[in-house]
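Student: I have just opened this structure and would like to understand the words used to describe it. Could you walk me through them?

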Number of protein chains: 2
Amino acid sequence: LPPHSVDEQLTYLKKGFAEIIREEDLRSRLEQAEAAGRPLRVKAGFDPTAPDLHLGHTVLLRKMKHFQDLGHRVIFLIGDTTGLIGDPTGRNITRPPMTRGEIERNAETYKTQVFKILDPAKTEVRFNSEWMGPMRFEDVVRLCGKYTVARILERDEFSKRYREGTPISLHELLYPMVQAYDSVALGCDVELGGTDQKFNLLVGREIQRDYGQEPQIVATVPILEGLDGIEKMSKSKGNYIGITETPADMYRKLMNMPDHLIWRYFELLTDLSIEEIERMKIACMDLREAKRDLAKRIVTDFHSAQEAERVESSWGQAPPVESLEHHTITDPRLNRALVQAKFAPSVTEADKLIKAANTVGVTRVETGEECALTGPAQRLEPGEYIVRVGKKYKHVAV
Amino acid sequence: LPPHSVDEQLTYLKKGFAEIIREEDLRSRLEQAEAAGRPLRVKAGFDPTAPDLHLGHTVLLRKMKHFQDLGHRVIFLIGDTTGLIGDPTGRNITRPPMTRGEIERNAETYKTQVFKILDPAKTEVRFNSEWMGPMRFEDVVRLCGKYTVARILERDEFSKRYREGTPISLHELLYPMVQAYDSVALGCDVELGGTDQKFNLLVGREIQRDYGQEPQIVATVPILEGLDGIEKMSKSKGNYIGITETPADMYRKLMNMPDHLIWRYFELLTDLSIEEIERMKIACMDLREAKRDLAKRIVTDFHSAQEAERVESSWGQAPPVESLEHHTITDPRLNRALVQAKFAPSVTEADKLIKAANTVGVTRVETGEECALTGPAQRLEPGEYIVRVGKKYKHVAV
C-alpha cells in the first residue's frame, strides 16, 4: 500500500467505531509514529474459549485489519491467564480450569478463523500468561495499588450488582487490572474492543500512565445487530452468520435479512469508505441490488470471488418444478401445509421450523417471488408454490 | 506445669479477652487437642516495623503467654510481605519498601522485647513471606475468589471510607485476604488480636473453611487505657510505660496513675486470675496499697523481684530537705511557682511541664503526702513543699 497522510489514515480508521477516546490523541499518535518511522501497536483481547466466530465478531477484526492496511502492527491477545485459572469460586462448574493444550488448540482455531480477515504477517499473536504467569503477590499488590475500589465499582456492571446485592467476588476486581497491565506489558498505542469493554479499556489508560507510558487511545466498535434486525447477533439467538458457513448459506441469509440493516452492514462488514457508501446510497434505486452487492462482497471476503459469482448466479433459481416431489394441500395454514407435504411429522415440529431463522422459504411459482413469512399459522393463498425447508425443495399446490 | 482440665484452662484463658468467637468452640477445640495429645496452634500477627513496645502491647502478649502457660504453641507472626512492598500507591513517602535486613533487625528487636513475656521455647517466630513470596497471580485470584467485595466493604473502616468517598486503594482489599491465608498456611486453631482487628480475624475463619480447615477461634483483647485514664495508651499521647523503661520510672508512673485504672490494670497486665483479683478487691482497705502491689508486680515482670523491692523501698523518699535548693515563692499559683523556683523559664513552659503526664510532683513536707494536681493555675496553700520536676527536686516555701 502507498503511504497515507495522517488525514487519510484518520478518515479510514474512524469509520465504524462507536467511540474513539480521543480522536485528537489518535491523530497526534499517528503523527508521532510517522515522525519516528514506526507502526502503531494496536491491541485487541480475546477469551481463550473455543472460538466459533460470526459476522458480529468480524466488526472488531475488520477494524484491526484497517490498522494493518495502513501498515500498523496488530496484536491479537489471548487472555489465557484467566482461562488457566477457571472459576476460582468453584460455583461455576461449567468453567473448570483449561489446560495449556486446550488453550493452544483454541488459539489454532482462532488463527484459522481470524486470518480470513487479518494479515498473518502483520499480526502478533500473544498470550498474557507470558507476563501474568511470573507475576508474584507483591507485583499484584503494586498493580492494585494504582487503582481505587470506588473507580472499579463505578463500572456499570459492578455498580449494578453492588447495588442489587448480587455478590461480586473479590477476584473479579483483579481482571480489569490484568487487562490494563496487558497494555503496559505490550506497550500499546491503541486498544480496540466492543462498547461493553469501554471501562476496561479506559483503566488501561490510567495504569499505563502510572507505569510511565503514554496512555493508549481507546476505540470501541458497536454491537452488530443480528439478522432479525433487532437483537445483537449471537449464536444463541440463531440470528447469526458464522464465518465458516457455506457461500450458499451466507448468501441466502444475507438476502433474507431486513432492508433496514443493509447500510449498517455495509459500514461495519465491508472495507468501503463512508464516502463510497454514501455515494451508493444516493445512487441506489433498488435495495435488492444493494443487498445482492453486500452479500457478494461478504461471500468474497470469507470464500472467494468465484464462489460469490457462482452463488449469486444460482440465487433464486429453485430446481425445476417438474423435478420436485408434489403435494396437494387441503389446509392453507403454513404449519399444516408443511405437515401435509411431509416436511414435518407434526404441527409442533413444523412450528419450530417456521420459527427458526431462514429455514423455511416459500416462492410463488407464477411470479417467482418469495413470500414474506409472518408466522406458523400464516395462510397461503390458493396457488402453486415451491416450498423450501433447509436445502430440500417440494412443489406444493394449495 | 501440671496438666489442667479443659474447664481450668478455659477459666484461665478467658480472663482479659474482650470477646471470644466462640467460647464453646474454644472449649471443644481444647477437648480435641487434649484427646489428640497435641497443643493448640495460636497465632498473633505483628507489623514488621521497628517495635518499641509499651504496656498496651503486653495485653496481647500476655494472653499469648497464657496459652503457653498451658502448654500450647504460640506463633509470633511477622507480616513482612507488606513491609517488603511498602506503599504501592507511592503516595506515602514515609513508607518505602523495607529491606530484608531491616526486617531481620526489627525481628531481633521484637524478640528481645517480647521474650520478656513469652517463653522462647514455646514460641514459633514466622514470617509470612515464607508462603506469600512464592504465591503467583493465579494463586492470588484463587484466594480472592473465595471472598466478595460486599463482605470486605462491610468492614467498618472500609464502609466509612467508601461512604465518605475517601479513596480505598484496590490493594488494601488484598491485605485481609493475606492475614486470612496466613491462618491457612499455619493451620491455626486460634488467632488473637486487638478488638480493631476483629474483622480481619473473622475473614480467617471463612477462608480456612474454604481450604478445608476447621475455622480458627478468634479472641480479641481490649485496648488498654493510658496513664491519663482516658485515652488509649500510645507513645504519641505520652501516656505510656515502655517495657524497657527503668524500674524507677515504671514504678513512679504506675504510682501516679488514676485510681480507677488499678483493677483494670490488674486484669490486663498481670497473670492473676479473676477470682484472685476479686478477693483482693474485697480485702482492699487502701487503694495505695493495691497500686503499690501492682507496680511491684509489673516491675518484677519486666526487671526482677530484687529491682522491684529496691524501687519500692526507696519510693516516696525524697532527698532530705536540707540537701535541696530552696526557693521562697510569692505567687501561690503552681505555674508561677515553677517559674520562681527556676524549674521553667516562662509560665508557658511551666504549663507544658504541668500538663505532661507524671512530670511534676508536689509533696507537702509536714505530712509527706503527695498533692493531687489539678491544673497549671492550681493554688498551693501556704506551707512547705518538695517540688519534683522530672528527677529534679527543690524545696519550696509558699
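Tutor: Happily; we will take the terms one by one and set each value against its definition. This is a predicted model, in which local features need pLDDT of at least 70 and side-chain atom pairs count only at pLDDT 80 or more, while totals for chains, interfaces and linings use all residues. Residues are numbered from 1 along each chain as its sequence is written, chains are lettered from A and ligands numbered from 1 in the order in which they are written, and side-chain values use heavy atoms, without hydrogens and water.

Student: What makes the pair Phe76(A) and Tyr110(A) edge-to-face?

Tutor: Rings of Phe, Tyr and Trp (its six-membered ring) pair if their centres lie within 6.5 Å; planes under 30 degrees apart count as stacked, over 60 as edge-to-face and the rest as tilted. By this rule there are 11 aromatic pairs over all chains. The centres of Phe76(A) and Tyr110(A) are 5.2 Å apart and the planes stand at 70 degrees, so this pair is edge-to-face. Phe76(A) belongs to strand β3 and Tyr110(A) to helix α5 of chain A, so the pair ties together parts 34 residues apart in sequence. Along with Phe46(A), these two form one aromatic cluster.

Student: Why does Phe76(A) count as buried?

Tutor: Buried means under 20% relative accessible area, exposed over 50%, and partly exposed in between (1.4 Å probe, protein chains only). Phe76(A) has 1% relative accessibility, so it counts as buried. Tyr110(A), with 5%, is buried too.

Student: How do you know that helix α12 of chain B is largely enclosed by the rest of the structure?

Tutor: Of its 9 residues, 8 are buried, so that description follows. Among them are Pro247(B), Tyr251(B) and Met255(B). The cover over the buried residues of α12(B) includes α3, α13 and β9 of chain B.

Student: What makes Lys253(A) a charge over the face of Tyr240(A)?

Tutor: The rule asks for NZ of Lys or CZ of Arg within 6 Å of the ring centre and within 35 degrees of the ring normal. Lys253(A) lies over the face of Tyr240(A), at 4.9 Å from the ring centre. In chain B, Arg100(B) lies over the face of Phe127(B), at 5.8 Å from the ring centre.

Student: Why are the two copies described as related by a two-fold rotation axis?

Tutor: Copies are superposed by least squares on the C-alpha atoms of residues with pLDDT of at least 70 in both. A rotation of 180 degrees, with 0.1 Å of shift along its axis, brings chain A onto chain B with an RMSD of 0.5 Å. The copies are therefore related as by a two-fold rotation axis.

Key. Helix = DSSP H or I, 4+ residues; strand = E, 2+ residues; numbered from the N terminus. Contact = heavy atoms within 4.5 Å.
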